[in-house]
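User: Hi! I'm new to this one and would love a friendly walk through it. Could you show it to me before we start?

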Amino acid sequence: FLVLDLDSRGVLASRGSSAVRPVASLIKLLTAVTVARDIRPDDVAVISRRAVTAGRRGADMGLVTGERIRIRDLLAGLLIPSANDAAVALAEHVSGSEALFAEQMRETARILRLTRTRVENATGFDSAAEFSSAYDIAQLLAFAWRDPFLGVFLRAEEMDVASVDGKIRHRLKTTNRLLGSRADILAGKTGFTD
């Protein structure tokens with residue numbers, strides 16, 4: 001664990017914070033930051049069958065093959081319910097494939113000096129070659145928290161989004177049960193792995 005002061009970036013408490021661990025959907029923070037570096041929020045993505053299939057492996061936002069949806073709404077799906085279909089859709093939109101997008105994620109990690117982070121996919125699906133540390137995730141969360149666009153989604157308990165034509169609606173609810181449970185818990189991101 002690591003407790004970080006967001007203003008000074010000073011470490012208040014930690015234990016084993018540099019140890020590498022599987023991080024599951026916490027890696028979606030890096031997915032979001034990578035997307036936000038290069039894409040305009042109002043750009044539109046077309047959802048592939050592969051993205052929809054990824055959503056069947058855990059959390060999803062209910063995307064439909066061929067659906068046209070704004071990047072901002074996919075980012076909401078990525079960070080609020082931790083949707084795997086949104087992660088793959090964003091990766092494909094930005095880079096053409098999840099494998100190519102993972103290369104961009106590695107570059108983002110290098111720029112942010114996340115030295116204990118290795119990335120293989122945009123979803124956080126378990127891989128022996130994908131891991132991070134509490135220290136790196138705290139740095140990443142602090143960076144995303146300060147981003148005026150991404151921070152909104154990290155603070156949201158729920159949100160409604162829709163396809164560009166408004167015909168397909170998605171109700172997004174956070175997987176973070178701590179949000180809303182206490183006034184002093186302002187934001188966060190979840191990740192689950194066996």
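**A first tour**

User: What share of the contacts with a separation of 6 or more is between residues 24 or more positions apart?
Analyst: In the protein chain, 64% of the contacts with a separation of 6 or more join residues 24 or more positions apart. Contact here means heavy atoms within 4.5 Å.

User: What should I know about the model itself?
Analyst: This is a predicted model, where local features need pLDDT of at least 70 and side-chain atom pairs count only at pLDDT 80 or more, while totals for chains, interfaces and linings use all residues. Residues are numbered from 1 along each chain as its sequence is written, and side-chain values use heavy atoms, leaving out hydrogens and water.

User: Cool. How many helices and strands are there?
Analyst: The protein chain has seven helices and eight strands. These are DSSP runs numbered from the N terminus, with at least four residues for helices (H or I) and at least two for strands (E).

User: And how much of the chain is buried?
Analyst: Of the 194 residues, 46% count as buried. Buried means under 20% relative accessible area, exposed means over 50%, and partly exposed is in between (1.4 Å probe, protein chains only).

User: Which helix is mostly covered?
Analyst: That's H3, residues 71–79, with eight of its nine residues buried. Among them are Ile-71, Asp-73, Leu-74 and Gly-77.

User: Switching topic: where is Arg-40 found?
Analyst: Arg-40 is in the loop between helix H1 (28–38) and strand E4 (44–46).

User: Is Arg-40 buried or exposed?
Analyst: Arg-40 counts as exposed because its relative accessibility is 61%. Arg-40 also lies 9.4 Å from Arg-70, C-alpha to C-alpha, although the two are 30 residues apart in sequence.

User: Now strands. Which way do the side chains of E8 point?
Analyst: Along E8 (residues 169–173) they alternate. His-170 and Leu-172 point to one face and are buried, whereas Arg-169, Arg-171 and Lys-173 point to the other and are not buried.

User: Why do they alternate?
Analyst: In a regular strand, side chains alternate between the two faces of the sheet.

User: How many bridges join E7 to E8?
Analyst: Five bridges join E7 (residues 158–162) to E8, and the two run antiparallel. Two strands pair if DSSP finds at least two bridges between them. Val-161 stands opposite His-170 in E8.

User: What sits between those two strands in the hairpin?
Analyst: Six residues lie between E7 and E8 in their hairpin, where Gly-166 takes a positive phi near 80°.
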